[in-house]
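This report walks through selected features of the structure displayed here, taking salt bridges, helix burial, aromatic pairs and a few individual residues in turn.

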Amino acid sequence: MEVAIILKSPEFSGKVDEDNVIYADAGYNHAQKIGKKSVLAVVGDFDSLGSAPLFEKTVQLNVEKNFTDGERAVRYAKEVGATKIVIYGAYGGKIEHVLGNIALLKIAKNLGLNAQIKDGDKITKLIDGAVSFSAKRGGGLSLIPYGGNCSFKSSKGLYYPLDNITLTPSDTRGISNVIESEKVSIEIQSGQALVIYEK
């Protein structure tokens with residue numbers, strides 16, 4: 001089952017492709033512009049939303065907690081049988097919230113979920129091993145090591161190849177590569193990286 005998780009970014013356009021959604025607290029403010037969807041739950045302590053929605057299934061959290069509403073929404077998606085999640089509304093707003101929202105990709109990977117952040121035509125994923133995906137030819141692609149060094153064995157479909165290259169978290173070499181093919185393949189020998197690309 002594919003599930004959309006809606007966070008509260010003020011810059012979110014409201015376009016959601018998935019039929020099933022989970023709102024994280026004030027992400028529910030986007031419900032009207034998203035339109036009719038199957039709402040699996042609205043998850044949160046409702047400090048941002050103000051109060052729990054009256055006509056939706058809610059998962060009420062304590063205000064004092066050791067995780068964000070977004071993290072609980074990801075874990076709830078796993079509990080209800082999601083195999084893939086697409087996170088919307090992750091960007092915009094406070095920088096610490098953005099960084100925390102990116103960390104949801106790692107939480108999802110640890111749970112065995114296929115996960116990505118979607119923001120307009122931009123996709124963000126946390127990758128390791130050998131991966132292939134469709135992308136916009138002529139668009140941009142950036143790779144940022146996550147959690148430590150990342151060693152790339154090879155790549156296909158990129159202007160600047162990533163053959164036998166190790167990037168550290170303090171390197172900027174992986175920023176703003178160019179997509180030369182509608183299919184991109186990347187093989188990582190060790191470590192993990194965030195890939196941000198146009199689709």
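## A salt bridge within helix α2

Glu71 and Arg75 both belong to helix α2, where they sit four residues apart, or about one turn of the helix. In this predicted model, the two residues form a salt bridge in which the closest N and O atoms are 3.0 Å apart. The partners differ in their exposure class: Glu71 has a relative accessibility of 17% and therefore counts as buried, the cut-off being under 20%, whereas Arg75, at 33%, counts as partly exposed.

Elsewhere, salt bridges that share partners join Lys15, Asp17 and Lys118 into one network. The count of salt bridges in the model comes to seven.

## Salt bridges of Lys65

Lys65 takes part in a salt bridge with Asp45, the side chains meeting at 2.5 Å, N to O. This pair links distant parts of the chain, since Lys65 lies in the loop between β4 and α2 and Asp45 in the loop between β3 and β4, 20 residues apart. Asp45 is buried, with a relative accessibility of 7%, while Lys65 is partly exposed at 26%.

The side chain of Lys65 also meets that of Asp69 in a salt bridge, here at 3.3 Å, N to O. Asp69 is buried, its relative accessible area being 12%, and it is one of the buried residues of α2.

## How helix α2 is enclosed

How many of the 11 residues of helix α2 are buried? Eight of them are, so the helix, which spans residues 69-79, is largely enclosed by the rest of the structure. The buried residues are Asp69, Gly70, Glu71, Arg72, Ala73, Val74, Tyr76 and Ala77, a list in which charged side chains such as Asp69, Glu71 and Arg72 appear alongside Ala73, Val74 and Ala77.

The cover over these buried residues includes the strands β1 (2-6), β2 (20-24), β3, β4 (58-60) and β5 (84-88), together with helix α3 (95-110). After α2 comes Gly81, a residue whose phi is positive, near 100°.

## Aromatic pairs

The count of aromatic pairs comes to four. One of them is formed by Phe12 and Tyr88, whose ring centres are 5.7 Å apart and whose planes lie at 50° to each other, an arrangement classed as tilted. Phe12 lies in the loop between β1 and β2 and Tyr88 in strand β5, so this pair ties together parts of the chain that are 76 residues apart in sequence. Both Phe12 and Tyr88 are buried.

The rings of Tyr159 and Tyr160 have their centres 4.7 Å apart and their planes at 90°, so this pair is edge-to-face. In contrast to the buried pair of Phe12 and Tyr88, Tyr159 is partly exposed, with a relative accessible area of 48%, and Tyr160 likewise counts as partly exposed, at 48% relative accessibility.

## A nonpolar surface patch

Tyr159 and Tyr160 are joined by Val178 in a nonpolar patch on the surface, and the three residues together have about 310 Å² of accessible area. Val178 is found in strand β12, which covers residues 177-178, and its relative accessibility of 33% makes it partly exposed.

## Two individual residues: Thr124 and Gly35

Is Thr124, a residue of strand β7 (residues 122-127), buried or exposed? At 2% relative accessibility, Thr124 counts as buried. Its side chain makes a polar contact with the side chain of Tyr91, at 2.8 Å. When neighbours within four places in sequence are left aside, the residues in contact with Thr124 are Tyr91, Leu105, Gln116, Ile117, Leu194, Val195 and Ile196.

Gly35 lies in the loop between α1 (31-34) and β3 (38-44). With a relative accessible area of 34%, Gly35 is partly exposed. The C-alpha atom of Gly35 is separated by 13 Å from that of Ile6, a residue 29 places away along the chain.

How values were computed
Residues numbered from 1 in each chain as written. Predicted model: local features only at pLDDT ≥ 70, side-chain atom pairs only at ≥ 80, totals over all residues. Heavy atoms only, no water. Buried < 20%, exposed > 50% of the residue type's maximum accessible area, 1.4 Å probe, protein only. Patch = residues over 30% accessible without salt bridge, like charges linked within 9 Å, V, L, I, M, F, W, Y side chains within 5 Å. Areas by Shrake-Rupley, 256 points an atom, 1.4 Å probe, with all protein chains shown as cover. Salt bridge = Lys/Arg side-chain N within 4 Å of Asp/Glu carboxyl O. Polar contact = N/O pair within 3.5 Å; in protein donor to acceptor, adjacent residues only side chain to side chain. Contact = heavy atoms within 4.5 Å. Phe/Tyr/Trp six-rings, centres within 6.5 Å; stacked < 30°, edge-to-face > 60°.
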